[in-house]
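Here are some notes to read with the model open beside you. Take the points in order, and find each residue on screen as you go.

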Amino acid sequence: MPVIAVAILVIGGCLALVLDRLWLTAARTELRNATESAVLAAAARLADDERLDEAPDASERLTQSSMLAARNAAAGNLVAGQPVGTDPSSGVDVRFGHHVPSDIGGPATFLETNVLPTSVQVQTIKTRRMGNPIARMFGGLVGEEYGDAVA
């Protein structure tokens, strides 16, 4: 009987660790999906017909409405049961610019600009540092109550 009890405890502990890891992996996947929906929303707004307007502030209006669309799309998603947030205080959560191909055949470089941008990058953050971490299911068992994810 004692051997069976110990075996059940060991198997239960292993199962808890596996479930906790799956929980964090699912949360990171949800965060990536929320980020992709924010990018698509911003890009759709960025490709609007308003881009053809020759008014001096048209580019600024367009990037502001694209940024708002990205934040709204991100906020419409849940990660581990909590709303997703971008970090407006850092100023780098939604960035606009152009992808410039490399001369040597490597990956393209992103050049940030608000003047007629053609690309958008969005960063979503769920970290302890930002005050919105992912709560772990069995955090007491592994010694970390929260997990981090950035997409």
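## Notes on the fold

1. Let us start with one pair of residues: glycine 97 has glutamate 112 as its bridge partner in strand 4. Keep in mind throughout that this is a predicted model. The pair belongs to a wider match, since strand 3 and strand 4 are joined antiparallel by 4 bridges. Strands of a sheet pair through backbone hydrogen bonds, and the pairing can be parallel or antiparallel.

2. Glutamate 112 deserves a second look. Which residue forms a salt bridge with glutamate 112? The partner is arginine 95, and the closest N and O atoms are 3.7 Å apart. This pair links distant parts of the chain, with glutamate 112 in strand 4 and arginine 95 in strand 3, 17 residues apart. Glutamate 112 counts as partly exposed because its relative accessibility is 48%, and arginine 95 is also classed as partly exposed, at 23%. The dividing values are useful here: buried means under 20% and exposed means over 50%, with partly exposed in between.

3. Now step back to the sheet around these residues. It is an open sheet of 3 strands in the order 4-3-5, with antiparallel pairing. Strand 4 (109–112) and strand 5 (119–122) are the edge strands, each pairing on one side only. From one strand to the next, the twist averages 50 degrees.

4. On the other side of the pairing, strand 3 (residues 94–100) is joined to strand 5 by 4 bridges, and these two strands run antiparallel. You can find two of the facing pairs on screen: phenylalanine 96 is opposite valine 120, and valine 94 is opposite valine 122. When you look at them, remember that side chains in a regular strand alternate between the two faces of the sheet.

5. Is valine 120 buried or exposed? Valine 120, a residue of strand 5, counts as buried because its relative accessibility is 12%, under the 20% limit. Leaving out residues up to four places away in sequence, valine 120 touches Val39, Ala42, Ala43, Val94, Arg95 and Phe96. Try also locating alanine 38: its C-alpha atom is 9.7 Å from that of valine 120, although the two residues are 82 apart along the chain.

6. Next, helix 1 (residues 2–46). Helix 1 lies across strand 3 and strand 5, and runs at about 150 degrees to strand 5. Threonine 35 is part of helix 1 and is buried, as its relative accessible area is 7%. Apart from residues up to four places away in sequence, threonine 35 touches Val122, Thr124 and Ala151.

7. Helix 1 also holds leucine 22, which offers a contrast for you to check. With 53% relative accessibility, leucine 22 counts as exposed, because exposed means over 50%. Leucine 22 helps make a nonpolar surface patch of about 620 Å², together with Leu15, Val18, Leu19, Trp23, Met137 and Phe138.

8. How many salt bridges does a search of the whole structure find? The search finds 2. One of them joins the side chains of arginine 71 and aspartate 93, at 2.9 Å from N to O. Arginine 71 is in helix 2 (residues 58–75) and aspartate 93 is in the loop between strand 2 (82–83) and strand 3, so the pair links distant parts of the chain, 22 residues apart. Aspartate 93 counts as buried at 2% relative accessibility, whereas arginine 71 is partly exposed at 25%.

9. Finally, the whole chain. It has 3 helices and 9 strands, and from the N terminus on the elements run α-α-β-β-β-β-β-β-β-α-β-β. Of its 151 residues, 28% are buried. The accessible surface comes to about 9,200 Å², and carbon and sulfur atoms account for 63% of that. Among contacts with a separation of 6 or more, 55% are between residues 24 or more positions apart. The meeting of valine 120 with Val39 is a good one to look for on screen.

Methods
Residues numbered from 1 in each chain as written. Predicted model: local features only at pLDDT ≥ 70, side-chain atom pairs only at ≥ 80, totals over all residues. Heavy atoms only, no water. Patch = residues over 30% accessible without salt bridge, like charges linked within 9 Å, V, L, I, M, F, W, Y side chains within 5 Å. Areas by Shrake-Rupley, 256 points an atom, 1.4 Å probe, with all protein chains shown as cover. Salt bridge = Lys/Arg side-chain N within 4 Å of Asp/Glu carboxyl O. Buried < 20%, exposed > 50% of the residue type's maximum accessible area, 1.4 Å probe, protein only. Contact = heavy atoms within 4.5 Å. Pairing = 2+ DSSP bridges. Axes fitted to C-alpha atoms, helices over the stretch in contact; angles between N-to-C directions.
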